[in-house]
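Visitor: Hi! I'm new to this and would like a friendly tour. Could we take a look together?

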Amino acid sequence: MEQIIPFNKPFLAGNEIGYIQEAVQSGNISGNGFFTKKCQAFFEEKYNFKKCLLTTSCTDALEMASILADIKEGDEVIIPSYTFVSTALPFVRLGAKIIFADSEENNPNIDADKIESLITSKTKAIVPVHYAGVACDMDKIMNLAKKYNLIVIEDAAQAIDSFYKGKPLGSIGHLSAFSFHETKNIISGEGGMLAINDERFIDRAEIIWEKGTNRASFFRGEINKYGWVDTGSSFLPSEIIAAFLWAQLENLKKIQDKRKENWEKYYNGLKEWADKKNIRLPEIPNYASKNGHMFYLVCNNIEERSNLINKLKENKIMSVFHYLSLHSSPFYTDRYEGEILINSDKYSNCLVRIPLFYELTENDINKIILNITSID
Ligand SMILES: *Cc1c(COP(=O)(O)O)cnc(C)c1O
């Protein structure tokens, strides 16, 4: 019987269990130990993030960012509507009003040209999401932030090892959040990281990370006792998770190369057919790079998409649509006062993601391409 091609398959680089065993044998398996420091230093050196703190998820990293941005009841935060709930959730919990921006026409990212008209005296932060690991137009966003004194928090959950005009994503905003959830390029099951680029946030970030205590500072010998000094939570992951993550990071290049190769195969194999049918493939703006996180198609309408998903499913290939616009979600729709977001709704109705993971074989890819291009 023919095997199902799943939508995603978490890739194990090889040393995960070995490093976990090392962590366990060292006798220190709570957080902020040997592997946590190794992972954080790796990111700081490779991507020029000023300070990195591992977290238990990207959602947690965004939660830390929302505390650092000092979000209060009544503040406004601008985010794209076409994103995962986690982009909005931490800000909502602190009482912010979410102002949803539309996506670009050619790309699910937030349309930077539509942000300025949404800014009011209450706006505190902008949270751009680099969808599929493709950069938002960060110069425009950072200029607005400067002009209106706003904090930019990059939701870089999907954006590891990707770039904007040569600058690593996650190094541009004041704060950035990454995910190592098993569906992302580099994984630790659940996991995430806060990158801090604006130095004024570093000390407080460490305190929030360590349950509101100045414990990190104590362990560096900077103070002689530690205590409760601020708000916070238990945001740091255990060494077991960091050990797993380290095995992945050691293989970052190998993983990225393979994923990007798979992405290219899809693009080349589908382009002609897609053009003929007016179906769109990912467009990478000239300021952005790709990181092989995701391959998607944008159909002309919801029927065409359902047909494609069903056809693939009949042939044991799993494909999935993506976000339902947050502004029309059951949780937010009654509170939403803004305009219709045409592009966000279009991606909600028409975008479909096809399998992209490390272990996808040449045969799998060819079979998927053949199945798609045989649809007339
Ligand atoms: C995956 C994802 C998240 C959430 O990441 P977790 O690590 O699961 O909390 C947030 N935002 C975006 C855009 C994502 O893709």
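Guide: Happy to! One definition to start with: Ala, Val, Leu, Ile, Met, Phe, Trp, Tyr, Cys and Pro count as nonpolar, Asp, Glu, Lys and Arg as charged, and the others, Gly among them, as polar. Also keep in mind that this is a predicted model.

Visitor: Okay, so how does the shell around the ligand divide into nonpolar, polar and charged residues?

Guide: The shell divides into five nonpolar, eight polar and two charged residues.

Visitor: And which of the residues around the ligand come nearest?

Guide: Of the 15 residues around the ligand, the nearest are Thr-59, Asp-155, Gln-158, Ser-179 and Lys-184.

Visitor: What does Thr-59 do there, in terms of distance to an oxygen atom of the ligand?

Guide: Thr-59 has a polar side-chain atom 2.5 Å from an oxygen atom of the ligand. Cys-58 has a backbone N or O atom 2.9 Å from an oxygen atom of the ligand. For Asp-155, a polar side-chain atom lies 2.8 Å from a nitrogen atom of the ligand.

Visitor: How much of the ligand does the protein bury?

Guide: Taken alone, the ligand exposes 380 Å², and the protein buries 93% of that.

Visitor: New topic! Where does His-293 lie?

Guide: His-293 is in the loop between helix H9 (252-277) and strand S10 (295-298).

Visitor: Is His-293 buried or exposed?

Guide: His-293 counts as buried because its relative accessibility is 9%, and the cut-off for buried is under 20%.

Visitor: Which residues does His-293 touch?

Guide: Leaving aside residues up to four places away in sequence, His-293 touches Ala-132, Gln-158, Thr-183, Lys-184, Asn-185 and Arg-259. With Asn-185 there is a side-chain to side-chain polar contact of 2.8 Å. Two names on that list, Gln-158 and Lys-184, also appeared among the residues nearest the ligand.

Visitor: Nice. What about Ile-17, buried or exposed?

Guide: Ile-17, in helix H1 (residues 16-26), is exposed, because its relative accessible area is 62% and exposed means over 50%. The C-alpha atoms of Ile-17 and Phe-244 are 7.1 Å apart, although 227 residues separate the two along the chain.

Visitor: And which residues are buried in helix H11?

Guide: In H11 (residues 342-350), the buried ones are Asn-343, Ser-344, Tyr-347, Ser-348 and Cys-350. Their cover includes S10, helix H10 (302-314) and strand S12 (351-354).

Visitor: Last one: what is the mean pLDDT of the chain?

Guide: The mean pLDDT is 97, with 100% of the residues at 70 or more. Among the elements, strand S5 (residues 151-155) has the highest mean, 99, and helix H7 (residues 215-219) the lowest, 89.

Technical notes: Residues are numbered from 1 along each chain as its sequence is written. This is a predicted model: local features need pLDDT of at least 70, side-chain atom pairs count only at pLDDT 80 or more; totals for chains, interfaces and linings use all residues. Side-chain values use heavy atoms; hydrogens and water are left out. A residue is near a molecule or strand if one of its heavy atoms lies within 4 Å of it. A polar contact is a pair of N or O atoms within 3.5 Å; within protein, one must be able to donate a hydrogen and the other to accept it, and residues adjacent in sequence count only if both atoms are side-chain atoms. Accessible areas come from the Shrake-Rupley method with a 1.4 Å probe; for residues, only the protein chains shown count as cover. Helices (H or I, at least four residues) and strands (E, at least two) are DSSP runs, numbered from the N terminus. Buried means under 20% relative accessible area, exposed over 50%, partly exposed in between (1.4 Å probe, protein chains only). Contact means heavy atoms within 4.5 Å. pLDDT is the predictor's confidence in each residue, from 0 to 100.
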